[in-house]
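Me: I have a model open and would like to go through its labels with you. Could you show me how each one is earned?

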Amino acid sequence: MAAPELWLQARGNKTDGDIFTDMELYAKAKTDATNASERGVIDWLSDRVDAEALLKHWGLDPAGNLVEQRTTDGHTAMCHACGTGELGVARWLFAHGAAEQLRTPDSKGWTPMMWACFEGFLNISTWLFQMGAAEDIRTTDEAQQTPLYWAQSRGHVEVVRWLCEVGNA
């Protein structure tokens, strides 16, 4: 049985109050996704993650000013969501007042696009691009490296291919 199917099966036995177990199962399913069809299921699942609970888990207040809040590591909520593969949380943040964080760097100068490419999240990279962060494919960090550099150095072939296709990498 594929990882997303196991997640769904396990989720059916959980209550909404069991969010941390759900997050562990979801993270395992996301990590185990090996092909495009499984990643499509993971994208679908990501929209069903309890964004508010996950933000609280990261030490953020979903009811507070999401634009000004930072995690203990200095990440914006959007950077953290994009760097951990949480497309559903990124969409939730966008819809709940943190749209300007699409291009806001964290304390190290990394934008959400940089994090998504570094971690190999093509779905999040393309979403960011479509939502207004297209210029960030050329952004450099403190070490003067681009998202293309980081995707290539980490072996994320699909992300490298996509960055080259959009033409501005």
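Me: What makes Arg-103 and Glu-135 a salt bridge?

Reply: Happy to help! Their closest N and O atoms are 3.7 Å apart. A salt bridge is defined as a side-chain nitrogen of Lys or Arg within 4 Å of a carboxyl oxygen of Asp or Glu, so the pair Arg-103 and Glu-135, at 3.7 Å, earns the name. Arg-103 sits in the loop between α6 and α7 and Glu-135 in the loop between α8 and α9, so this pair ties together parts 32 residues apart in sequence. Helices here are DSSP runs (H or I, at least four residues), numbered from the N terminus.

Me: Before we go on, what kind of model is this?

Reply: It is a predicted model, where local features need pLDDT of at least 70 and side-chain atom pairs count only at pLDDT 80 or more, while totals for chains, interfaces and linings use all residues. Residues are numbered from 1 along each chain as its sequence is written, and side-chain values use heavy atoms, with hydrogens and water left out.

Me: Why is Asp-136 called buried or exposed?

Reply: Buried means under 20% relative accessible area, exposed over 50%, and partly exposed in between (1.4 Å probe, protein chains only). Asp-136 has 1% relative accessibility, so it counts as buried. Glu-135, at 51%, counts as exposed, and Arg-103, at 36%, as partly exposed.

Me: How do you know that Arg-103, Glu-135 and Asp-136 belong to a network?

Reply: Asp-136 also forms a salt bridge with Arg-103, with the closest N and O atoms 2.9 Å apart. With the bridge between Arg-103 and Glu-135, the three residues are linked in a network.

Me: What makes Glu-119 and Arg-154 a salt bridge?

Reply: Their side chains meet at 3.4 Å, N to O. Glu-119 lies in helix α7 and Arg-154 in the loop between α9 and α10, so the pair ties together parts 35 residues apart in sequence.

Me: Why is the set that includes Met-78 and Leu-128 called a nonpolar core?

Reply: A nonpolar core is a set of buried Ala, Val, Leu, Ile, Met, Phe, Trp, Tyr and Cys residues joined through side-chain atoms within 4.5 Å. The largest such core has 26 residues, and Met-78, Leu-93 and Trp-127 are among those with the most contacts inside it. Its largest share, 5 residues, comes from α6.

Me: Which residues does Leu-128 contact beyond its neighbours within four places in sequence?

Reply: Counting heavy atoms within 4.5 Å as a contact, Leu-128 touches several, including Cys-82, Leu-102, Met-113 and Ala-134.

Key. Helices (H or I, at least four residues) and strands (E, at least two) are DSSP runs, numbered from the N terminus.
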